[in-house]
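Visitor: I am new to this structure, and I would like to understand how the words used to describe it are justified. Could you take me through them one at a time?

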Amino acid sequence: MKLSYLKALSELFSTYKSIFSLRRLEDNLFLLILDFDEYYLDMTKGNSRVFISKERILGSPYNAPFDVALSKYCSRAKLLSCSLDGNNRILIFSFLHQSQYKEQKLFLHFEFTGKHTNVILIDEQGVVLEALRHIAENRSIRVIKPQKPFTPLPQPSKIPNIEQIENIKELLEQEYSLLYTNALEQKRTVVLRNLHKKLEALEEILHTLPKVEDLQVEGEKYSKYGSLILSSLHTLEYFCSPLILEDYDAKSVCIEFPSKIRTFTEGANYFFTQSKKINKKIANLHLQLENLSSKIEFLHSQIAFVSQTQDIEDLQIFSQKLQKSKEIKKEYESFFVDGFKVSVGKNEKENLKLLQDAKADDLWLHLQSIPSSHMIIHCGKKQPREEMIEKSAKILAGLNGVLNQGVVVDYTQRRFVKIIQGANVVYAKQKSLRF
């Protein structure tokens, strides 16, 4: 980021009285709220920038020691100043952290320094409290680690030419517009590629499954073999394989027994058992086909949603990796929105499981008067912000292929949703959102 921009930013930021909050939304993206104005700082190595977004970016929760330190020290802190580190591309926030027992002066460095970009929290004695990126002794002579003395960067030997920037807020909005358009298409390409890979894998599994008609023919054949043998036992004297019998249409049937069979009675029981196994396999195959078909249909809905959305946050949900126990089978799709886990059922079985797993205080969402996926926001007693609920409802409408079609999404607490039959429900005390 240009030094001229950072100088203008330091002057702008110095007009504020407080750091309301600072938190990480993505690996390198921060939301900084000064008084009541929001600024986004992208601290990606080699591509750092500051921008303003008209719509709040929700992001995901981070609980690393660095994020805990930001929450502890940079919430409702009194902002003293924001300045440049000489001619270095570093913004330094000086602020007071006030706890119940003491007041502490701290410094927050945003280093927009190319491949060495970093965010560092420092106390008044010049000791590092935490940093976005730790730098060990074996990597650099400038060590950045908690409880280690902070070493400032040397000033550049060449004094840069600093332009006067008048309309910095307008430039920050333009920066986001350019960044957003490019990032949206890049993200869309990646997400669509991954979804198409999943779709191809499921369709391959679907094509390799045996056909129900073929299994039915085989099952009927084994049942016929068993019946013919039993009805002919009184005429059979010595066991032999193959066995030639006439069926009920006077047609010759050649029956060959497995080597383990030693009597005709064993043979009849064997073929009846095989017929039962095939019928059971047919029943399981129906369930497998239903499950695969619902997943394929849901993937097609996801692909359509990703292809149409103009909101990059909608794409983030397809890139999240949830931590899950190896013993727990994944029953439905889950992702995070604004720090809350959100789950969506892909079919009736998953919808029912989702309803059964949800807690009474969780929020339930569903398209009004339209058969669709059920959605649960796993919030418990912690009420999500209205923007988060609206974002989740929009995703639900998008995944069901009815976004921007005047559809209404109802939501209420799970305690007010009663299961009638299967995943069919009645509900009360709902609120509604239209898309």
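Guide: Please keep in mind that this is a predicted model. A good place to begin is an open sheet of 6 strands, which follow the order 12-13-15-14-16-19 with antiparallel pairing.

Visitor: What makes strand 12 and strand 19 the edge strands?

Guide: Strand 12 (333–337) and strand 19 (431–434) each pair on one side only. Neighbouring strands of this sheet are, on average and with direction ignored, turned by 25° against each other.

Visitor: How do you know that strand 13 pairs with strand 15?

Guide: Two strands pair if at least two bridges are found between them, and 4 bridges join strand 13 (residues 340–344) to strand 15 (residues 375–378), so these antiparallel strands count as paired. Within this pairing, Lys341 stands opposite His378 in strand 15.

Visitor: Which helix packs on the sheet, and which strands does it touch?

Guide: Helix 8 (residues 386–399) does, touching strand 12, strand 13, strand 14 (363–367), strand 15, strand 16 (408–413) and strand 19, while its direction makes about 40° with that of strand 14.

Visitor: Why are Tyr40 and Phe51 called a stacked aromatic pair?

Guide: Ring centres must lie within 6.5 Å to pair, and planes under 30 degrees apart count as stacked; Tyr40 and Phe51 have 5.4 Å centre to centre and 10° between the planes, so both conditions are met. Tyr40 lies in strand 3 (residues 37–42) and Phe51 in strand 4 (residues 49–51), so the pair ties together parts that are 11 residues apart in sequence. The structure holds 18 aromatic pairs.

Visitor: What lines the largest cavity, and how much space lies in it?

Guide: About 40 Å³ of space lies in the largest cavity, and a search of the whole structure finds 1 cavity of 30 Å³ or more. Its lining is made by Ser4, Lys7, Ala8, Glu11, Glu163, Gln164 and Ile165.

Visitor: Why does that lining divide into 2 nonpolar, 2 polar and 3 charged residues?

Guide: Ala and Ile count as nonpolar and Glu and Lys as charged, with Ser and Gln among the others that count as polar, so Ala8 and Ile165 are the nonpolar residues, Ser4 and Gln164 the polar ones, and Lys7, Glu11 and Glu163 the charged ones.

Visitor: Which element gives the largest share of the lining of the second largest pocket?

Guide: Strand 1 gives that share, with 5 residues. The second largest pocket holds about 620 Å³ of space, and of its 23 lining residues, Arg23, Pro61, Ser71, Asp338 and Lys382 lie nearest its centre.

Terms used: Residues numbered from 1 in each chain as written. Predicted model: local features only at pLDDT ≥ 70, side-chain atom pairs only at ≥ 80, totals over all residues. Heavy atoms only, no water. Helix = DSSP H or I, 4+ residues; strand = E, 2+ residues; numbered from the N terminus. Axes fitted to C-alpha atoms, helices over the stretch in contact; angles between N-to-C directions. Contact = heavy atoms within 4.5 Å. 1 Å grid on protein atoms, 1.4 Å probe; cavity = no way out; pocket = protein on both sides within 12 Å on 5 of 7 lines; lining within 4 Å. Points joined across faces, edges and corners; volume = space filled by probe spheres on them. Phe/Tyr/Trp six-rings, centres within 6.5 Å; stacked < 30°, edge-to-face > 60°.
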